[in-house]
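Me: I've got a model open here and want to know what backs up the labels people put on it. Can you walk me through the reasoning?

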Amino acid sequence: MITKCSFLLAAVLAGSLLVPSPALAEKSSALRSPDPLKAALLSPEDLGNEFTRRGYRTRGLLSPTFTRIKKCGTAVKSIAAVYRAKAATGLKHKDRWEGISEYIVSGTASEISALERAAKAMVRHCRKITVKTDGSKDIIRKLSIGRLGDSVHGIKFRSGFPNSNLERDAELPAGMMVAIDVVIIRVGNTMIALEHDGNVGEFDPSLTKSAAQTAVTRLHQSLQDN
């Protein structure tokens, strides 16, 4: 029987979560992504021989699940301004439905501080969301990956069948259909937004941390070189 979760999977694969909301264009107009930041972006080689470029980038924070709590929706709407970054890339696993999307923006201390406050609010207000229907179950939880940059904030989105235990990433449940980790990292007056996504169980949880660590290292090196 086709479930609502099946429709969600089809929507993700078709890119329905990849279309930015027009309303976001009104936010943080002064944020900028100068060309030097492009050198800091992750490359396929940073993730291993199994990765290559892909023609799209995920925008998981636009999932309607985040709007179930008003304060959560407000926070992610502010952070989603990074999706308009000119310094951005999408990488994909060659054999799996799994990938990394990265966005880097720089701005004034005030602008980046506003994004950082929104990231803190995102974790505070979004981390206990559970949405369950007859055909699907979505959860949003806090994601901890250690200390990175000047500050780091993370959450994870999981979607699966109604009776799936979506809390256990160490044992990817058969019922997990969509997984997205979102990590927001501040380095001085620069912000990295990293999304690690996977579908139908093809998701390596450890990749989120290693990719984030590499992204910070590359950014530090790029800032030193420029």
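Reply: Sure, here are some questions about cores, a buried arginine and a helix pair, bearing in mind that this is a predicted model.

Me: What makes Arg 54 count as buried?

Reply: Its relative accessibility is 11%, and buried means under 20%, so Arg 54 gets the label. Arg 54 sits in the loop between β1 (51-53) and α3.

Me: And what does Arg 54 touch?

Reply: Leaving out residues up to four places away in sequence, Arg 54 touches Gly 90, Leu 91, Lys 92, Glu 98, Gly 99, Ile 100, Ser 101 and Asp 197. For Leu 91, there's also a polar pairing: a polar atom of the Arg 54 side chain lies 3.5 Å from the Leu 91 backbone oxygen.

Me: How do you know that the buried residues of α3 line one face of the helix?

Reply: Start with the list: Cys 72, Gly 73, Ala 75, Val 76 and Ile 79 are the buried ones in α3. Looking down the axis of α3, they fall within an arc of 165 degrees, so they line one face. On the other side of α3, Lys 70 and Lys 71 are exposed.

Me: What do those buried residues of α3 pack against?

Reply: They pack against α4, β4 and β7.

Me: Why is the α3 and α4 crossing described with an angle and a distance?

Reply: That's the usual way, because two packed helices are described by the angle between their axes and the distance between the axes. Here the angle is about 150 degrees and the axes are 8 Å apart. The crossing is left-handed. On the α3 side the contact is made by Lys 71, Cys 72, Ala 75, Val 76, Ser 78 and Ile 79; on the α4 side, the residues include Leu 115, Ala 119, Met 122 and Cys 126.

Me: Which residues have the most contacts inside the largest nonpolar core?

Reply: Leu 61, Phe 66, Met 122, Cys 126, Ile 155 and Ile 184 do, in a core of 33 residues. Elements giving two or more residues to this core include α3 (70-79), α4 (109-126) and β7 (176-187). Of the elements, α4 gives the most, with 8 residues.

Me: What does Ile 184 touch?

Reply: Beyond residues up to four places away in sequence, Ile 184 touches Ile 79, Ala 119, Met 122, Ser 151, Val 152, His 153, Met 191, Ile 192 and Ala 193. Apart from the largest core lies another, of 24 residues, among them Leu 41, Ile 104, Ile 145 and Leu 194.

Methods
Residues numbered from 1 in each chain as written. Predicted model: local features only at pLDDT ≥ 70, side-chain atom pairs only at ≥ 80, totals over all residues. Heavy atoms only, no water. Core = buried A, V, L, I, M, F, W, Y, C linked by side-chain atoms within 4.5 Å. Buried < 20%, exposed > 50% of the residue type's maximum accessible area, 1.4 Å probe, protein only. Helix = DSSP H or I, 4+ residues; strand = E, 2+ residues; numbered from the N terminus. Contact = heavy atoms within 4.5 Å. Arc of directions from axis to C-beta. Polar contact = N/O pair within 3.5 Å; in protein donor to acceptor, adjacent residues only side chain to side chain. Axes fitted to C-alpha atoms, helices over the stretch in contact; angles between N-to-C directions. Left-handed = near helix turned anticlockwise from the far one by under 90°.
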